[in-house]
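Got your viewer open? Here is a short tour of selections to make, one stop at a time.

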Amino acid sequence: MKSKYTLLIGILLLFIQCRQTAPFQNISLPGLTAPVEILVDRYGIPHIYADTEEDLFFAQGYYACMDRLFQFEVWRMQATGTVAKVLGERELQRDIGTRLFKFRGDMDAEMNHYHPKGKLIIESYVSGVNAYIDRVLANTSLLPPEFRLLDILPEHWTPEVVISRHQGLLGNIGQELTTGRMVATIGEEATKRLNWFHPNDPDLTLDRRLTKEVLDQDILGIYNAFRRPVRFEPEDVKGSIGDLSSSMDLYNDLVEDPSEIGSNNWTVSGQRMASGHAVMANDPHRRIAVPSLRYMAHLVGPGWNVIGGGEPEIPGISIGHNGIGAWGLTVHRTDAEDLYFYETNPSNPNQYRHNGEWVEMKIINESIPVKGQEDHIAELKYTIHGPVVFEDSKKNLAFAVRCGWLEIGGAPYLASLR
């Protein structure tokens, strides 16, 4: 059992000469192995000082959750496929998709992929998050107003929430389906003239079974539902508080055209700088949202002295610098996804033809809570290549998505821990 020590959360208003300070607030928490100090500067950035790595990331999780509790809860709902529990049936497809595309591999190998001590870091971070949630559940006056408006309480985290794939800018599957639909509609040559395929001239020949009628169906509906941002509507708010349509938009991400998402980064040699030091700039092109998709922090502990920004719900610093170097992130539109289609057995739709034989799909049943309704039992199907996203019973066809980001190491941003 860990001893009960004190987490010292101090509010320190830093001016150029540190002329003003506010009293320290002492909070006693179970879960720490030694005292931790957090100083918050005038920009609201926490500077966290800890004697152990375990305590360092515990404190980061605790303080970030305290700053962004509702944002953390929305992330948790998305990551666990429980949005419909709060927002009702309109979010059921999202929850089905989230569970369909859930990482189901070796969790220890997954967490340690991002850092040799990844398991310790992520589990410590989650413990810190849960420590603050416990504090709020014991004193609901600490709840941000969003929880009262929606009549909900925050729920506890697990490491699976941190490594969820729901937030990644990883997909190219929509572009591939669009190309297939163009070929089925206007032919191969016209499709090539309207697109830029590189580096070689591709063979766009479609299988005869992939007709325009088949491809025009909502094949990626469940995939798209899982990837879109959560939106809140006025009717989600408890009671009658007037027209909240404009204010609720504050919590809704701006909608973007995936084809327009980009990012860039650049460096300038120290030989060109008056300071003699190199400069790095990183512009990851994340959408503008309230609250922000970025969170700044400074982490100081054994082996760690790093400052920068990242997703608030992820431990470490995704984009930043330490005493040795700086790093950033940018989007590479790699071919990370493929759409497979199969002939299914007319007498058993749970069998698909693979290498000339009928193969059983793997089936997982999960219960999904839905606000105002009975729980929905979702039947999740998988082929050897990945999750089944669409079935055409009339044509005896099934479609599955194979995605590199479902393999170990596919959670965005966590790799910066290295």
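**Rings, charges and a helix crossing**

Before you click anything, keep in mind that this is a predicted model.

Start with the rings. With centres within 6.5 Å taken as a pair, the count comes to 13 aromatic pairs. Select Phe72 and Trp157 to see one of these: their centres are 5.1 Å apart and the planes make an angle of 35°, so the pair counts as tilted, falling between the 30 and 60 degree cut-offs. Now colour by secondary structure. Phe72 belongs to helix α2 (residues 69–80), while Trp157 lies in the loop between α7 (145–150) and α8 (159–162). The two are 85 residues apart, so this pair links distant parts of the chain. Are these rings buried or exposed? Phe72 is buried, with a relative accessible area of 1%, and Trp157 is buried too, at 4%.

Next, select Phe101, Tyr223, Phe226 and Trp405, which make up one aromatic cluster. Keep Trp405 on screen and add Arg227: its charged end sits over the Trp405 ring, 5.5 Å from the centre. For another such arrangement, go to Arg353, whose charged end is over the ring of Trp358, 4.1 Å from the ring centre.

Last stop: return to α2 and show helix α4 (residues 92–100) with it. Their axes are 7 Å apart and cross at about 70°, which means the two helices are roughly perpendicular. To see the contact, pick Gln78, Ala79 and Thr80 in α2, then Arg94, Thr98 and Arg99 in α4. By class, that contact has one nonpolar, three polar and two charged residues.

Note on methods
Residues are numbered from 1 along each chain as its sequence is written. This is a predicted model: local features need pLDDT of at least 70, side-chain atom pairs count only at pLDDT 80 or more; totals for chains, interfaces and linings use all residues. Side-chain values use heavy atoms; hydrogens and water are left out. Rings of Phe, Tyr and Trp (its six-membered ring) pair if their centres lie within 6.5 Å; planes under 30 degrees apart count as stacked, over 60 as edge-to-face and the rest as tilted. Helices (H or I, at least four residues) and strands (E, at least two) are DSSP runs, numbered from the N terminus. Buried means under 20% relative accessible area, exposed over 50%, partly exposed in between (1.4 Å probe, protein chains only). A charge sits over a ring if NZ of Lys or CZ of Arg is within 6 Å of the ring centre and within 35 degrees of the ring normal. Axes are lines fitted to C-alpha atoms, for helices over the stretch in contact, and angles run from 0 to 180 degrees between N-to-C directions. Angles under 35 degrees count as roughly parallel, over 145 as roughly antiparallel, 65 to 115 as roughly perpendicular and the rest as oblique. Contact means heavy atoms within 4.5 Å. Ala, Val, Leu, Ile, Met, Phe, Trp, Tyr, Cys and Pro count as nonpolar, Asp, Glu, Lys and Arg as charged, and the others, Gly among them, as polar.
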